Amino acid sequence: MKAVNRVFDFYLDASIHVAFAIYALVHVTDITLGYGVDQHLAWFLFFGSIACYNFVKYGVEAKKYILVANRYHKNIQLVSFIALAIALYHGYFLKLEVWMGVGGLVGLTGLYAVPMLPNAKNLRSWGGLKIFIVALVWAGATVILPVLSEGGLMEKDVWIECIQRFLFVLILLIPFEIRDMAYDSPELKTLPQRYGVANTKIFGSFATLPFFFLIFMKDTISMYEAIAGGIMFLTLRALMFVTKRQQNKYFSSFWVEGISVFWWTLLFVFGRLF
C-alpha cells in the first residue's frame, strides 16, 4: 500500500491529475459546442499543462527549478521535460491561430509566475488576482483554443461557453484558496484572506447560478447538456457546503480537480442515452 500511495502522490504532485482535468474540459467543449476536437491540441494541452503547472509550482525561480537536489523533485522535473517534449511534438501540428492563442495564455501564465514589476514579485502578488488569472487561462485554453483549432467563429455560444467555463474554474479554485490559507502569504490577499471563509463560500455558491443559467442563453442547447448542467450546479453548490479550512489530504488535489472529469463523463453518458 505504501508503494501505491507513493505512486498516487507522485501522480498528483507531478500535475498529471490536473492535466487530465484540462483534457476533460477540452472534450466538454467538443460536446457542448459541437465543433469537434483536434486530438493534437488535446494532447498538447495535456502534456503542456504538466510542464507548465510544474514550472509554476516548483520553478518560480529558474535556478531553483534547474538545480534540483531532492530526488523526488528530480523525478518530477524529468516528467516535466518529457511532457514538454511530447507537447512540442503535438504542437507541430497546430495552426498558427492556435499558436497565437497559446502565446497569449503562456504569456499570462508567465507573468503569473515570473517577476514583472520591481514592487511586485509577480501577478500573484497583486491582491486577489490569482484565482481570476487561473480561471481566465483555463477558460481560454479549454474553450477558445479548441474553437480556433477547428476554424470556428467566435460567436455568441462560444463566448457564453467561455464565461461559463471561467465561472466553473473559479468555483473549483475556492476550496484550494481556503485550504492554502495556512500557507499563503498575507500579501497575496486571496479571497478567503480578505473576506473570510464563510463569505468566500457564499460567493462561490452565488457563482453557480450564472454558471447554470447561462446554458439557456445559448442559441443551440441539447437536453443532455441541460441535465448535465443541472447536476453540475448541484455538485458545485454541495462542494461549497462541504469545503472546510481543514481538509482531507486529497479533498482538493484529487476530488475537486476530478469534477471536470465528472462533467465530461456526464455529458458523454447522457449524449449516448438521449
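Lys218 and Glu161 are both buried, and their side chains meet in a salt bridge with an N to O distance of 2.3 Å. The two residues sit 57 residues apart, Lys218 in the loop between helix 10 and helix 11 and Glu161 in helix 8, so that the pair links distant parts of the chain. Through shared partners, salt bridges join Glu161, Arg165, Lys218 and Glu225 into one network. The model is predicted. Across the whole structure, a search finds six salt bridges, 24 aromatic pairs and zero disulfides.

**Salt bridges at helix 8**

- Glu161 also meets the side chain of Arg165 in a salt bridge, at 2.6 Å from N to O.
- Arg165 and Glu161 are four residues apart within helix 8, about one turn of the helix.
- Both Arg165 and Glu161 are buried.
- Lys156 forms a salt bridge with Asp219, and the closest N and O atoms of this pair are 3.5 Å apart.
- Lys156 belongs to helix 8 (residues 156-179), while Asp219 belongs to the loop between helix 10 (197-213) and helix 11 (223-242), so this salt bridge ties together parts that are 63 residues apart in sequence.
- Lys156 is partly exposed, its relative accessible area being 43%.
- Asp219 is exposed, at 58% relative accessibility, because the cut-off for exposed is over 50%.

**Cysteines**

- The count of disulfides in the model is zero.
- A disulfide is a covalent bond that joins the sulfur atoms of two cysteines.
- Cys52 is partly exposed, with 30% relative accessibility.
- Cys162 has a relative accessible area of 12% and is therefore buried, the cut-off being under 20%.

**Aromatic pairs**

- The search of the whole structure gives 24 aromatic pairs.
- One of them is formed by Tyr53 and Trp138, with 6.4 Å from centre to centre and 85° between the planes, an edge-to-face arrangement.
- Tyr53 lies in helix 3 (residues 39-58) and Trp138 in helix 7 (residues 130-149); at 85 residues apart, the pair links distant parts of the chain.
- Tyr53 is partly exposed, with a relative accessible area of 24%.
- Trp138 is buried, with a relative accessible area of 10%.
- Phe212 and Phe213 have ring centres 5.1 Å apart and planes at 65°, so this pair is edge-to-face as well.
- Phe212 counts as buried, at 14% relative accessibility.
- Phe213 counts as partly exposed, at 48% relative accessibility.

**Aromatic cluster**

- One aromatic cluster is formed by Phe8, Tyr11, Phe20, Tyr23, Trp43, Phe46, Phe47, Tyr250, Phe254, Trp255 and Trp264.
- Its tryptophans are Trp43, Trp255 and Trp264.
- Its tyrosines are Tyr11, Tyr23 and Tyr250.
- Its phenylalanines are Phe8, Phe20, Phe46, Phe47 and Phe254.

Terms used:
Residues are numbered from 1 along each chain as its sequence is written. This is a predicted model: local features need pLDDT of at least 70, side-chain atom pairs count only at pLDDT 80 or more; totals for chains, interfaces and linings use all residues. Side-chain values use heavy atoms; hydrogens and water are left out. A salt bridge is a side-chain nitrogen of Lys or Arg within 4 Å of a carboxyl oxygen of Asp or Glu. Buried means under 20% relative accessible area, exposed over 50%, partly exposed in between (1.4 Å probe, protein chains only). A disulfide is a pair of cysteine sulfur atoms within 2.5 Å. Rings of Phe, Tyr and Trp (its six-membered ring) pair if their centres lie within 6.5 Å; planes under 30 degrees apart count as stacked, over 60 as edge-to-face and the rest as tilted.
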